[in-house]
Amino acid sequence: MWRIANKAVVLAKTGPGKAKSPGGEGAGDADDLDAWIKSRQLLKPDDQLDLTEAELAEEITKVLTPTNTNVVFNLVVYSFKEGTFVKIPPAGNTVTIAQYAGNSIHVDSDEAKAQMEETGEIGYPLPTSAPRPSELDLLRAQKARPSEVEEAEEAEGEEGEPGQKDERAHDEAEEEGEEEEVMDEGEGERTEEGEEAADTPVAMPAAPKKRKLINQFNFCERAALTYTNPKRSVDTQTIPPPRSQYGSNVLQWIIYDSYAEDFQKQKEKEKKEDKKGHRKDEIKQSKMDQKAIMAKLLNDKYLKSWQILERMINQNIYKDIANDYRYWEDPADEYREAEGTLLPLWKFQYDRTKKLSVTDLMFNPNYYDLFAVCYGSHDFLKQPNEGCLCLFTIKNPSYPDYIIMTPCGVMSCDIHPKYPYLVAVGLYDGNVAVYSLKDSLKNPLYISMGITQKHAELVWQVKWGPDMTDGEINFYTVSSGGRVFHWVLMPNKLMVTTIITLYLESALIEGPDGTELRLWSCGSCMRFHPTDPEIFLLGTEEGAIYKCSISYSSKYLMTYRAHNLTVYHLDYNRFNSNIFISCSGDWRVKVWEDMRPEPLFIFDLGSAVGDVQWAPYSSTVFAAVTNEGKVYVFDLNVNKYRAICVQAVVPKRKNKLTRLSFNEKLPFIIVGDDKGAITSLKLSPNLRLMVKPPKKQLYLDQHTLQVQKLERLLSLVRELPEGAVISDQAATVKS
């Protein structure tokens, strides 16, 4: 670039005609420069605006401020100390992009001056921006380098001539003065002098040598010389110890006896130490046990007080429902003939079991207001990871009094009639467990362990049996695996024996090797005889009902071809043990008499029947629940063909009723659905009519009257005309 600038200056002085090439050619540098300047033409875009001179001369002012427009003002935060909202100061406009920590300080700062005064160093100014050296300065520097080399060689050879050294020093001083004058002159004088200035050598200013900084920390080495004490030797002479000679034979038993004696001494020493430590531990443990017992008693006392308070609050909240539960009687029943209603009372639900189904319901035999609810799932493809057993009381419908969580679904339960705090449960994985409501509910008292000590499939029914001759508590279970187990509660474990194995009658198939095999039947429900504890009924998934005995496990006492689908529940009549009832998934409810292969009554309810039970107060009243969410109440003495009450309890499309249970003392029932909710319903007076004794038999009690009422009803059904055959068709249609 500087060569092109020099050429332009020369062309401006000499003119275009004078500039010629060294070879004598006609074309010069001026023609090239003109051609280069002409080729640089400004190109105007097509979309550029055409502005007038006034618009071009107009000044447009733009103001740039460092203020950040994105900063939010008037931000407040709540101060808990002052109790009000406090304004937050706005953030600054400075944005730090990069930040590095350094140890350099400015040479003109007070800290640098103080450091230089302490260390005795000389401060040097920072290097300033010097003008760029011209071509003339570079030429002078190049010429000065060989002259300096020659002078250095001459100085080495002529060290003994002081006169010549002074002259050379004087000449060098004059040359330096001339160079300083040349540096001060303007650029115009440099161009005029031309080649004359190029002959004179120019030396570059040498940068002063900086002094090396010493360490900022002052170190010093110190040494100390200690006094060496003189050595002194002390000699003493003692009396030599007495010596004696001993000789003996060391045999094996002598070594053994010595080791045994030493071992015995060590054991006695350890016992003494253990006794001391054991006494301390006993004292400490006794104190801790006393504190734990006192804390547990205090917690139980507080818990009982809170339960009483919670019940009082719930009774105040549901005061109207409590009054209806005790005193309400539907006055409209006086004007209805053979019809009744159900009054909904409380709804019991636990938040953790909303996605589970109610698999079993049962009232406590000793406490009429306490009932147990089993939570599991009937959807065998989507089983939950946990199950639950809750015990509710009608005094506190908001929360269960007892909660027992299990690792899988609870499919059945039974409360011991003699020991009401013992609860036996059957689980989905085939195990059984026994819980005590007096002790901790987290761990069961007994639980089946191992592969052989359990059912192969889920346990459908659990029933306590009468105590054995030796007083052992026992219960029975039935499962889909086709076996009935008898469990005995031993002091440390559960002992199990197989009562009966269910086989399909006349169902023989040939195995791979030609042998005949019998197919197993799958049990679904079980019910013991009220008066004979050795007789029980078994319902199966094939629809058959078997009458079995504990004493005879090889064959069935009676087989009833009852239903076409799974038998869900069986129940004996409270006033006549020869009458029992069954329900199934084939929509039908059937009333049977013992040792009669045909049913006495058949009722078609229009959907799968989940549960059926006889009423405890009447010999002819029973109730059933269906998958459509309806409750059916029948009274055979009033109407032998249809239900006297049909009432929907839950929505038909969303919920299904699964279980039902009568209260033994008060006229109400509870029903459970597949969403984990339990609804209590009070029976109207028409659904619980008592038998009035005749005028001549006023001395008869209600139990005798109920038995007589059922016998009169059965006498009408048992007598059939000659040649008549009982068909398996429904006696009624859907209500």
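The legends below describe close-up views of a predicted model.

**About the model.** Residues are numbered from 1 along each chain as its sequence is written. In this predicted model, local features need pLDDT of at least 70, side-chain atom pairs count only at pLDDT 80 or more, and totals for chains, interfaces and linings use all residues, while side-chain values use heavy atoms and leave out hydrogens and water.

**View 1. Confidence along the chain.** Let's start with pLDDT, the predictor's confidence in each residue, from 0 to 100. The protein chain has a mean pLDDT of 79, with 78% of its residues at 70 or more. Over residues 158-170 the pLDDT stays under 50, and the model gives this stretch 6 contacts (heavy atoms within 4.5 Å) beyond four places in sequence. Residues 726-735 also have pLDDT below 50, and here the model has 28 contacts beyond near neighbours in sequence.

**View 2. Cysteines without a disulfide.** A disulfide is a pair of cysteine sulfur atoms within 2.5 Å, and the structure holds 0 of them. For Cys374, the nearest cysteine sulfur belongs to Cys413 and is 3.1 Å away. Cys374 is buried (under 20% relative accessible area; exposed is over 50%, partly exposed in between, with a 1.4 Å probe and protein chains only), at 0%. Cys548 is buried too, with 0% relative accessibility.

**View 3. Leu361 and its contacts.** Look for Leu361 in strand E4, residues 357-363 (strands, E, are DSSP runs of at least two residues, numbered from the N terminus). Leu361 is buried, at 5% relative accessible area. Beyond neighbours within four places in sequence, its contacts include Ala372, Val373, Arg659, Leu660 and Ile678. From C-alpha to C-alpha, Leu361 and Ile678 are 9.3 Å apart in space, yet 317 residues apart in sequence.

Terms used: Helices (H or I, at least four residues) and strands (E, at least two) are DSSP runs, numbered from the N terminus.
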